[in-house]
Amino acid sequence: MGLREYIIRRLLLLIPTMLGVVVLIFAVLQMIPPELRAVIYVTNPRQLQDIPNIVREYGLDRPVWEQFITYLTEVLHGNFGYSVYYRQPVLEGLLRRFPATVEIALLSSPFIIFFGIWLGTTAAVHRDKIPDHVSRVMSIVGTSLPSFLLGIVLIAIFVAQLRLTTVGRVTNIGTLLLRIKNGTYHEFTGFLLIDSLLNGDFLLFVDVVKHLILPMIVLVFIQSATMVRVTRSSMLEALGKTYIVAARAKGLSKKEVIYKHARRNALIPVITISGLLVGGMLGGLIITETVFNFPGVGSYAAQAAQSFDVSVVTAYAMFSAIIFVLANLIVDILYAYIDPRIRLG
Amino acid sequence: MSSKEEVKKSAKTPNLMVKELKFTLKKMRDTPLSLIGLSLVIFFLLICALAPVLAPPKWYDPFRIPSTGTYGREPEPPSAEHLFGTTSYQTDIFYGCIWGTIHAFRLGLVIVITSVVVGLALGLIAGYYGGIVDEILMRFTDIIFAFPSLILIMALVVALQTVTLPFTLTGYTRLDACIIGIVLVGWPGYTRLIRGEVLRVKTEDYVEAAKASGASDLRIIFKHILPNTIYPVIIVASLDFGTIVLLAAALSFLGLGAPGDYADWGQLIYHSMDWVSSGLRYWWTYTFPGLFIMLFCLGWNLLGDAFRDILDPLYRRK
């Protein structure tokens, strides 16, 4: 099978998965009484006054399959409901908050991935020696330490005590909003890192970077644990292979064998984990964003969930699943590109 | 096989089991990290056992933290009266941490047992009968795996709060919703694990022999397949304890779990968020509940890590 056929087949497989995601969210919604779940069909605030009408109009009292068709049609048209909590269509809110999440996810993932690979490799090469113990302890502590706890401690020390930075995305969001209103600051992309530079505001850029540091520390510490583990075990397996012995026997240096022969082969499972990691992070970092009051999609949903905003939580779950599935798809295609055996299988 | 030989063989099996168990214990002794894990878990079990003495309950529901002392707004620092100090609404942190331990074990047990029972039942059905049932069940697990778990649980918790359940697990709708949500997202993992085991065992000679001798499906499942597949699931599930408690704490931290004065570590951390803006001044509000959560998870994870290596046949004898 060629690479193109493989990609086409993989894309076709996407359809049942996406349909499954919609079905599951629909099932979750079915648990909620009709008057309460009617908000997912609302498109503007005026309709909130007239919920019984929505129930009738969208047939929320009709057989389940009819309701599913209605729901599917709405979702395909991009209507994910209206948020009672935020007073805005959910999709609009999610898309508005998405750049913040993308910024933090994409910026911290290279750190997580490279740190994880480095520590994992070092641990495997020095098996049962100090670096290995360090990596073990770090990965176990990383999986046991709740990210909200680490976040709180960092906030207490660096934000509240030392006053080095603040929580949120910028120090003074009010000024920024005012400037957007005045027209002295233009929003080109929604990504503050890019927009601040495009506006020629270097001070704002530095401010944004400063606000990203603490959440990034939390993410690197917590998320690299799995990375270290996977790299370590995969490296150990690769180092035990006969081609490594052969490479050493033929007189190659230890360094060359480890980094060229063993690590290249060991990185294959690491790519999968990295893909899942980035996909998961792009879907929102509920806890990290909530702790640092960072206005991404995760904190958007978490806040709404507290006040029982059905449309936000269900639409968000669908949103994050779609991103997760797409990230998986990209990893699979990358895989097939790197490792031709997969296409043939 | 003559009946004499059979007797001999069955007598031999326990010996083998004892030998393996001894070997496992010996291996554990050699890994100091697993011993630390074990002692942490035992420490928390002791706290559970001694809870009524350490922190005598004042109200009918022992999981509601008494808010005694002066009714000032600010948390009080650790003192003889409040060993770990107090947090918002003058709730006693020491009491919350102690009874929070029981609550954590209770949550973990309820969630693990329910998910395993569901996982076992569906995994056995899927693996044993195969065909369309298997296909549907596996596609369904695929869909659940397509969601980041915490996000799906959050959606379920919100939805479940509107459902009036015919039973109550904790007496609080929100907490019940959390438990059910975690179970609903957690069973697919166990189902897949047990299904794989069943597929492995299904083709073994003893199952074929039982089939040939006319045993019913139920008999084969319960007499031959279940005993040979259940152990990995039980081990994996019991080691998920730490992760589950962490997940429940995260939900409480997000304000979706335990109610205000409930003895739940995540809930205490949620309260401490009110005081974090004063820097290290109210350090006790997050340090103590945080230590409890962390050490609890650390204990289970250390134990789990060691067990995975010890019980993995590939590494066991190395």
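In the predicted model, confidence varies among the elements of chain A: helix α16 (residues 340-344) has the lowest mean pLDDT, 68, and helix α13 (residues 286-291) the highest, 94. Chain A as a whole averages a pLDDT of 88. In that chain, 99% of the residues score at least 70. Chain B averages 84, with 90% of its residues at 70 or above. Its elements also differ. Helix α12 (residues 313-316) of chain B has the lowest mean pLDDT among them, 57, whereas α5(B) has the highest, 93. Where pLDDT is low, the predicted coordinates should not be read in detail. For the complex, the predictor gives an ipTM of 0.90 and a pTM of 0.88.

The secondary structure of chain A comprises 16 helices and 2 strands. Its C-alpha trace spans about 80 × 55 × 40 Å along the principal axes. Of its 345 residues, 40% are buried. Contacts between residues at least 6 apart in the sequence of chain A were also classed by separation: 72% of them join residues at least 24 apart. Chain B has 12 helices and 0 strands. The order of its elements from the N terminus is therefore a run of α alone, α-α-α-α-α-α-α-α-α-α-α-α. Buried residues account for 44% of the 318 residues of chain B. Among its contacts between residues at least 6 apart in sequence, 70% join residues at least 24 apart.

Two helices of chain A were compared with the span of a straight helix. Helix α1 (residues 3-30) of chain A has 28 residues. At 1.5 Å a residue it should span 40 Å, and its end C-alpha atoms are 41 Å apart, which agrees. The buried residues of α1(A) are A:Tyr6, A:Val21, A:Leu24, A:Ile25, A:Val28 and A:Leu29. An α-helix has 3.6 residues a turn, so residues three or four places apart point the same way. Helix α10(A) gives another result. It has 38 residues, and a straight helix would reach 56 Å at 1.5 Å a residue. The end C-alpha atoms of α10(A) are only 47 Å apart. A kink of about 40° is present in α10(A), centred on A:Ser224.

Helix α10 (residues 202-239) of chain A also figures in the nonpolar core. The largest such core has 172 residues. The residues with the most contacts inside it are A:Ala301, A:Val313 and B:Met154. Helix α10 of chain A gives the most to this core, with 15 residues. Among the residues that B:Met154 touches are A:Ala301 and A:Val313. B:Met154 also touches A:Ala305 and B:Leu256; residues up to four places away in sequence are not counted.

The two chains meet through 42 residues of chain B and 43 residues of chain A. On the side of chain B that touches chain A, five helices each supply at least two residues: α4 (131-145), α5 (149-160), α9 (241-253), α10 (265-272) and α11 (284-311) of chain B. The residues on this side of chain B divide into 30 nonpolar, 10 polar and 2 charged.

A:Gln306 lies in helix α14 (residues 297-306) of chain A. It touches B:Gly255 and B:Leu256, leaving aside residues up to four places away in sequence. B:Leu256 is also touched by B:Met154. A:Gln306 counts as partly exposed because it has 13 C-beta neighbours inside 10 Å. A:Gln306 and A:Tyr85 are 221 residues apart in sequence, yet their C-alpha atoms are 9.7 Å apart in space.

Backbone angles were also examined. Most residues other than glycine have a negative phi, and most peptide bonds are trans. A:Arg87 is not a glycine, but has a positive phi of about 55°. A:Arg87 sits in the loop between β1 (82-83) and β2 (88-89) of chain A. A:Arg87 counts as exposed because it has 10 C-beta neighbours inside 10 Å. A:Asp128 has a positive phi near 65° and is likewise a residue other than glycine. A:Asp128 occupies the loop between α5 (90-125) and α6 (130-144) of chain A. With 9 C-beta neighbours inside 10 Å, A:Asp128 counts as exposed.

Methods. Residues are numbered from 1 along each chain as its sequence is written. Chains are lettered from A and ligands numbered from 1 in the order in which they are written. This is a predicted model: local features need pLDDT of at least 70, side-chain atom pairs count only at pLDDT 80 or more; totals for chains, interfaces and linings use all residues. Two residues are in contact if their C-beta atoms, placed from the backbone, lie within 7 Å. Helices (H or I, at least four residues) and strands (E, at least two) are DSSP runs, numbered from the N terminus. Ala, Val, Leu, Ile, Met, Phe, Trp, Tyr, Cys and Pro count as nonpolar, Asp, Glu, Lys and Arg as charged, and the others, Gly among them, as polar. A nonpolar core is a set of buried Ala, Val, Leu, Ile, Met, Phe, Trp, Tyr and Cys residues joined through C-beta atoms within 7 Å. A residue is buried if 20 or more other C-beta atoms lie within 10 Å of its own, exposed if 12 or fewer, and partly exposed in between; C-beta atoms are placed from the backbone. The expected span of a helix is 1.5 Å times one less than its number of residues. The bend at a residue is the angle between axes fitted to the seven residues ending there and the seven starting there. pLDDT is the predictor's confidence in each residue, from 0 to 100.
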